[in-house]
Amino acid sequence: MSESIDYKLVGTSPVRPDGVDKVTGRAQYGADLNLPNQIHGKVLRSPHAHARIKRIDTSRATAMPGVYAVITGEDFPPPPEHGDVGGEAGGSIGDHARNIMARDKALYHGHAVAAVAARSLRIADEALAAIEVEYEVLEPVLDLDAAMAPGAPLLDENCFTKNLPEKSDKPSNIAEVMLLSRGDVDKGFEEADVIVEGEYRIPMAHQGYIEPHACIANTNEAGQSTVWCCTQAHFDFRAITAKVLNMNVADLKFIASEIGGGFGGKTVVYLEPLAVLLSRKARRPVKMKMTREEVFRATGPTSGTHCKIKVGAKKDGTLTAATAWMAYEAGAYAGAPMGPGALTVFVPYHLENFKVEGYEVLVNKPKVGAYRAPGAPQSMHAMESAIDDLARELNMDPLDLRLKNAAEEGTRASYGPKFPVIGLKECLRAAKAHPNYTRALPEGAGRGVAVGFWFNFGLQSSAEVHVNENGTVTVVEGNPDIGGSRASMCIMAAETLGVPYESVRTLIGDTESTGFSNSTGGSRTTFATGMAVVRACEDIIAQCRARAAVTWGIDEDQVLWVDGQAIPASGVNDELKPLSLADIAENAAKTGGPLLSRASLTAKGAGPSFSVNIADLQVDRDTGKIDVLAFTAIQDAGRAIHKAYVEGQLQGGAAQGLGWALNEEYIYNADGIMENAGFLDYRMPVASDLPMIDTQIVEVPNPRHPYGVRGVGETPIVAPLAAAANAVRDAIGIRIHDLPLSPPRVLAALDAAAD
Amino acid sequence: MEAFAYVAPSSIDEAVAELARHAKKGHRTQVLAGGTDLLVQMRGADIEPRILVDIKNVAETNRLHLGNNEIFIGAAIPSAVLNENAELVELLPGLLEAADLIGSTQIQGRATLGGNLCNASPAGDTIPAMIAVGVSCVIAGGKGQREMPVEKFVVGVGRNALEAGEFLVGLKIPRPKSRAADAYLRFTPRTEMDIAVAGCGVSVTLDAKGLCKEARVAIGAVAPTAILVPAAANALIGTTLDDAALAAAAAACSDAASPITDKRGTIDFRRKVVGVLCRRATAIARDRALARKVLGV
């Protein structure tokens, strides 16, 4: 299914350029930088899930020896009234500003209400304890049912539901509604021979990146600040910090450190404006780093959700109609990924009649942030579970049922446009043919399959290419390398220029030394920034041909670029010796100076990416404990640039998705305090919990990218939730609708079925 | 973390003198062995001792002796060291498995049985395993040494029976006879790096015909302290440890449990699972005891 194109480097797995520094501890992460005279910033956080802030008295803290600065909401300009935060971390700039530092209300346990900078962390902690905050404690709204109930306490008296058919003048916790429909669902259900229904709930889950948020800000007397931080998006961080602090973008410089995981969570700004403000007040560099507990309590997990699905099909498996109702917890402020949840729920299927109703709901929990394919894992868990039930009702192979209804090129996607070339059917066929799909299961084990999807994004990217004097190449771009993008950029540059992989180095420029790029998010970096890199390399080739023409004294159109060297067009000037990139670089002083190019673009034509996962699980019927026996992740990558990194994305997404499916959840008490704010009780899988994850990369190239890239980072987390749920259904004969499939839940389901 | 003083006495007498001196002054004092619980608690500001008395330099706390009648394990011996002693692992497989469940390989290079016991967590893995094999705690203090059974040593959540000025020197364990063996199982959602939702330690002694002569069953993480369950032992004694006996012992453990519902599990779940663990651990101990007859240990 792959086009046979003879690439030298694309599709190989060379050594990653950042590997040595990372395994030897030399790589500099967010908290690794220290500056002379630095002091330490800490945040005072609300002990209440919902409270009005009546008064904050910082005088005792300010007077303490060793305390350099204390800030509260009053030190910030008013939250901007207009503008949204782009990318996958949704919401308005104003709400982000309030989330960064509470103003009149604390909306979740852990919400920042003040911050201090002091000589030592210990003094900072003592200063926090000396700040007096008078709260009027309000009733917290902790789940979707409570928040949507008539008469529920309101988080925001000025929140009026957006997108209602008729504009509402009554404030509500429902921030936004989305309605999508096509065809006639009533007629569709009438035509159905079989109808299945299900209702599914999933609690909030965190990205669980290993590195907590950290930054250091240094502000000079002219009010110009430099910020080093771990981020997926230093340009976006600069823009948001400027807006939150009402600063000129030109007065802010952001430098991205190495990043220990993000998964969307590090597209959201939390500490940086605090550090800038504290550093401005203290006139010293201010370093801030979150504890793991702060990461759990005060950064954005993904939404807890409630989805209802109804699907109808004819006896032969043809889907006739489907409806979905879904509610997504936004946390304290609007910006939940309900939209993508609603847009993806039916995306794998050709459906004439459907209706989707989505609600985004404010609750007194942290404002949700982007998490790998935001919104899709929850809604597609519901649909893919329902499709599994439908296959059982129809007595059809679950892959055959999906193949019968699978979207393909030209199918009008449930989210609107017609699909370009996509690889869903190819993935389904690959799963069907995979030996892991037909391998015998051990006694009592179960097998489940599910489809995953993500749109993938383009957005803006810039890249520069410098050719060094010996013909080696430096690529400079603006996307923090979170999943191996430096290796991919090196491969694409080397492939395009025709030079060895080892000749190319890629580095991530800061906001002042390279052109603007949107976040490393939306699975866009290898696609969009890669496109800019390839374009800049093509410019270098054009320049090389011109330099060779000058060197040889012939016309430029008589020079070709083949296999990394300039050669004369065949038939004329055959006596001329080919000039390599190194030859041209060494001679550059005489032909016009250093070779340098750049490209910037808004990338169009991002390729949607589908996956199919196969999960084999064993259930301990006495304890409800689930063991993952085998897992197979099959995904259309368009084309894999660095093969091992693509496999790693598939495996990492499977590991995260399985953790979410089996054990991970935010557990709250009745006061709205998270009870498991640490890795001991927020149970992500450890290495020994998982088998080796098998991968199969399907390649249906994206015609809109020079090497066929679709983007692979997010799709891998979508299918594991339903694949696991369907495997449990297969193993124990009981459909457990809610996640996680934790031992107490599974055992309770087994006990209930036995009674 | 607050500033603190550190002393490392080199004998029991010196350690007792240090503890007495600080107890008299009313200083908050903590005994340090491996520190794998203590340092985490100090970092989290759960406790803020002024003085740390490190007992790792005391010879007796490092002594490991496998006698004909009695085994002695010094309180400061890292569990990795214990698990590298093949004879000890052969003699007390359940206790050593419990030790091997705690933390990672790196943590086990420091973590001690004595520390796990003194920390007195309801979920401490080695405590039910120790109760099952009948450990006696050797305690040193100003009035000399005293001993007490391990099931009396833990008196509440995070509380032990040590008085001011006392510390745990080591553990005495009757050497298992031929046809005796122990086992420990715990339940955790993850395979490792986790904390027991329920745990069960069992030791059994069989006679020549395979009948259970003696048994001890202890359960953990299902009550404020690990507890001995005599009813479970009684259900096993006199049987061939067949399925019916195991089921009866399991039911006794479920009955004896008084768990809470929390983030780690519900009351119903813990009650049920602690019985399952008893059944499975007893079967393992039985099979080990049957296999041991040929050793003539």
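This passage walks through the chain pairing, the domain layout and one helix pair of a predicted model.

At the interface between the two chains, 18 residues of chain A are in contact with 15 residues of chain B. On the chain A side, this surface is a mixture of seven nonpolar, six charged and five polar residues.

Within chain A, two domains are assigned, and both are discontinuous in sequence: domain 1 covers 19-26 + 458-603, while domain 2 covers 375-456 + 607-754. Taken over C-alpha atoms, the centres of domain 1 and domain 2 of chain A are 38 Å apart. Their contact draws on 14 residues from domain 1 of chain A and 15 residues from domain 2 of chain A. On the domain 1 side, two or more residues each come from α15 (485-497) and α16 (525-552) of chain A. Of these helices, α16(A) supplies the largest share of that side, with five residues. The class make-up of the domain 1 side is six nonpolar, seven polar and one charged.

A closer look at one helix pair is also worthwhile. Helix α11 (residues 376-394) and helix α12 (residues 398-405), both of chain A, have axes that come within 9 Å and cross at roughly 105°. Angles of 65 to 115 degrees count as roughly perpendicular, and α11(A) and α12(A) are therefore roughly perpendicular to each other. From α11(A), the residues I387(A), D388(A), L390(A), A391(A) and L394(A) take part, and they meet P398(A), L401(A) and R402(A) of α12(A). By class, this helix contact consists of six nonpolar and two charged residues, with no polar ones.

Conventions
Residues are numbered from 1 along each chain as its sequence is written. Chains are lettered from A and ligands numbered from 1 in the order in which they are written. This is a predicted model: local features need pLDDT of at least 70, side-chain atom pairs count only at pLDDT 80 or more; totals for chains, interfaces and linings use all residues. Two residues are in contact if their C-beta atoms, placed from the backbone, lie within 7 Å. Ala, Val, Leu, Ile, Met, Phe, Trp, Tyr, Cys and Pro count as nonpolar, Asp, Glu, Lys and Arg as charged, and the others, Gly among them, as polar. Axes are lines fitted to C-alpha atoms, for helices over the stretch in contact, and angles run from 0 to 180 degrees between N-to-C directions. Helices (H or I, at least four residues) and strands (E, at least two) are DSSP runs, numbered from the N terminus. Angles under 35 degrees count as roughly parallel, over 145 as roughly antiparallel, 65 to 115 as roughly perpendicular and the rest as oblique. Domain bounds come from an automatic or database domain assignment.
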